[in-house]
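Here are my notes for someone opening this one for the first time. Keep the viewer open and go through the points in order.

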Amino acid sequence: LRDKGELAMDENRIQEIINFLNMHHHFFFAAKVYADQTAQPTPEDSRAWSQVLISLLTGVNGLGRQKGPDLLDGSDVKAANTWGAIDTPRFNGCIKAGTLSSVSDSMDSLDQMPHLYFVLWDNEPISGRERTRIWAVNTQTDPLFRTVCESWYRLRREGVIKSSNFQLHPPRNKNSNVFTNNCGNLNYPLVLDAQWNGETYEIIYFDENSIENGRCSEVEE
């Protein structure tokens with residue numbers, strides 16, 4: 001893990017991210033008390049929280065009330081939250097398929113997307129601490145990720161894959177960066193690992209360089 005003293009981002013933005021993560025943690029677990037009391041799901045919108053988090057991380061805002069990508073530069077954000085989940089959280093709809101868009105079901109959709117961000121809210125398996133991890137893929141230039149996507153699109157054209165939902169299964173509650181998919185399992189570039197220490201989040205790992213220069217790698221057998 002990279003030492004926190006090597007963080008490239010300015011300290012003010014780091015503190016803003018920590019404050020936001022602390023707020024999310026407070027609201028989630030405060031609401032969970034009442035959700036458990038009433039046998040209801042915890043009110044939580046991981047998608048929206050994750051998109052705000054990525055905007056704070058990158059400095060790239062969203063589109064406001066307009067439809068389109070999650071960020072102004074054309075990037076998208078995918079989220080999954082394991083806290084209290086009764087199903088199997090995964091990253092859904094990671095590439096465009098089955099829509100009316102002119103670039104749907106083709107690699108052109110990746111050529112128009114600078115980055116694809118993944119935000120996972122889970123627990124560190126040894127300490128049990130809540131944590132938030134972020135991975136980023138440069139969808140225009142990452143060769144291994146694009147190979148997986150090309151394979152999935154081809155199988156969909158051939159009718160082998162019927163679904164329009166390209167799913168990636170994240171390393172839920174595991175100390176791993178491996179995402180799995182029927183078309184290929186890869187190590188994804190980790191950008192941030194922040195963990196709750198009982199009072200506040202602390203940055204365990206951060207590499208801002210991974211956003212632009214990180215690449216997926218093969219999984220060792």
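1. Start with the hairpin of β2 and β3, where 6 residues lie between the two strands. Glycine 128 sits in that turn with a positive phi of about 80°. Bear in mind throughout that this is a predicted model. The strands themselves, β2 (residues 116-123) and β3 (residues 130-137), run antiparallel and are joined by 8 bridges. For a landmark, find leucine 120, which stands opposite arginine 133 in β3.

2. Stay on β3 for a moment. Are its residues buried or exposed? 8 of the 8 are buried, so β3 is largely enclosed by the rest of the structure. Side chains in a regular strand alternate between the two faces of the sheet. Here, Glu130, Thr132, Ile134 and Ala136 point one way, while Arg131, Arg133, Trp135 and Val137 point the other way. Both sets are buried, charged-looking names and all.

3. Next, step across to β6. Strand β3 is joined to β6 by 5 bridges, and the two run antiparallel. Three pairs are handy for checking the register: threonine 132 has alanine 194 as its bridge partner, arginine 133 has aspartate 193, and tryptophan 135 has leucine 190. Arginine 133 is worth a second look, with leucine 120 opposite it in β2 and aspartate 193 as its partner in β6.

4. β6 (residues 190-196) gets a point of its own. With 7 of its 7 residues buried, this strand is also largely enclosed by the rest of the structure. It pairs with β7 (residues 201-206) in the antiparallel sense over 5 bridges, and glutamine 195 has glutamate 202 as its bridge partner in β7. The hairpin of β6 and β7 has 4 residues between the strands, and glycine 198 there takes a positive phi near 105°.

5. Now zoom out. What is the order of the strands in this open sheet? It goes β1-β2-β3-β6-β7, 5 strands with mixed pairing. β1 (76-81) and β7 are at the edges with a single partner strand each, so one side of each has no neighbour in the sheet. From one strand to the next, the twist averages 15°. Helix α2 packs on this sheet and touches β1, β2, β3, β6 and β7. The direction of α2 makes about 120° with that of β2.

6. Don't skip the other open sheet, made of 3 strands in the order β4-β5-β8 with antiparallel pairing. β4 (178-179) and β8 (217-218) are its edges; each has a single partner strand, so one side of each is left without a neighbour in the sheet. β5 (residues 186-187) pairs with β8 over 2 bridges, and leucine 186 stands opposite glutamate 218 in β8.

7. Last, the helix pair. The axes of α1 (residues 11-37) and α2 (residues 46-58) come within 9 Å and cross at roughly 170°. The two helices are therefore roughly antiparallel to each other, and their crossing is left-handed. Which residues make the contact? From α1 they are Arg13, Glu16, Ile17, Phe20, Leu21, Met23, His24 and Phe27, and from α2 they are Trp49, Val52, Leu53, Leu56, Leu57 and Thr58. By class that gives 10 nonpolar, 2 polar and 2 charged residues. Since α2 also packs on the sheet of point 5, try viewing both contacts together.

Definitions and conventions: Residues are numbered from 1 along each chain as its sequence is written. This is a predicted model: local features need pLDDT of at least 70, side-chain atom pairs count only at pLDDT 80 or more; totals for chains, interfaces and linings use all residues. Side-chain values use heavy atoms; hydrogens and water are left out. Axes are lines fitted to C-alpha atoms, for helices over the stretch in contact, and angles run from 0 to 180 degrees between N-to-C directions. Angles under 35 degrees count as roughly parallel, over 145 as roughly antiparallel, 65 to 115 as roughly perpendicular and the rest as oblique. A crossing is left-handed if the near helix is turned anticlockwise from the far one by less than a right angle, and right-handed if clockwise. Contact means heavy atoms within 4.5 Å. Ala, Val, Leu, Ile, Met, Phe, Trp, Tyr, Cys and Pro count as nonpolar, Asp, Glu, Lys and Arg as charged, and the others, Gly among them, as polar. Buried means under 20% relative accessible area, exposed over 50%, partly exposed in between (1.4 Å probe, protein chains only). Two strands pair if DSSP finds at least two bridges between them.
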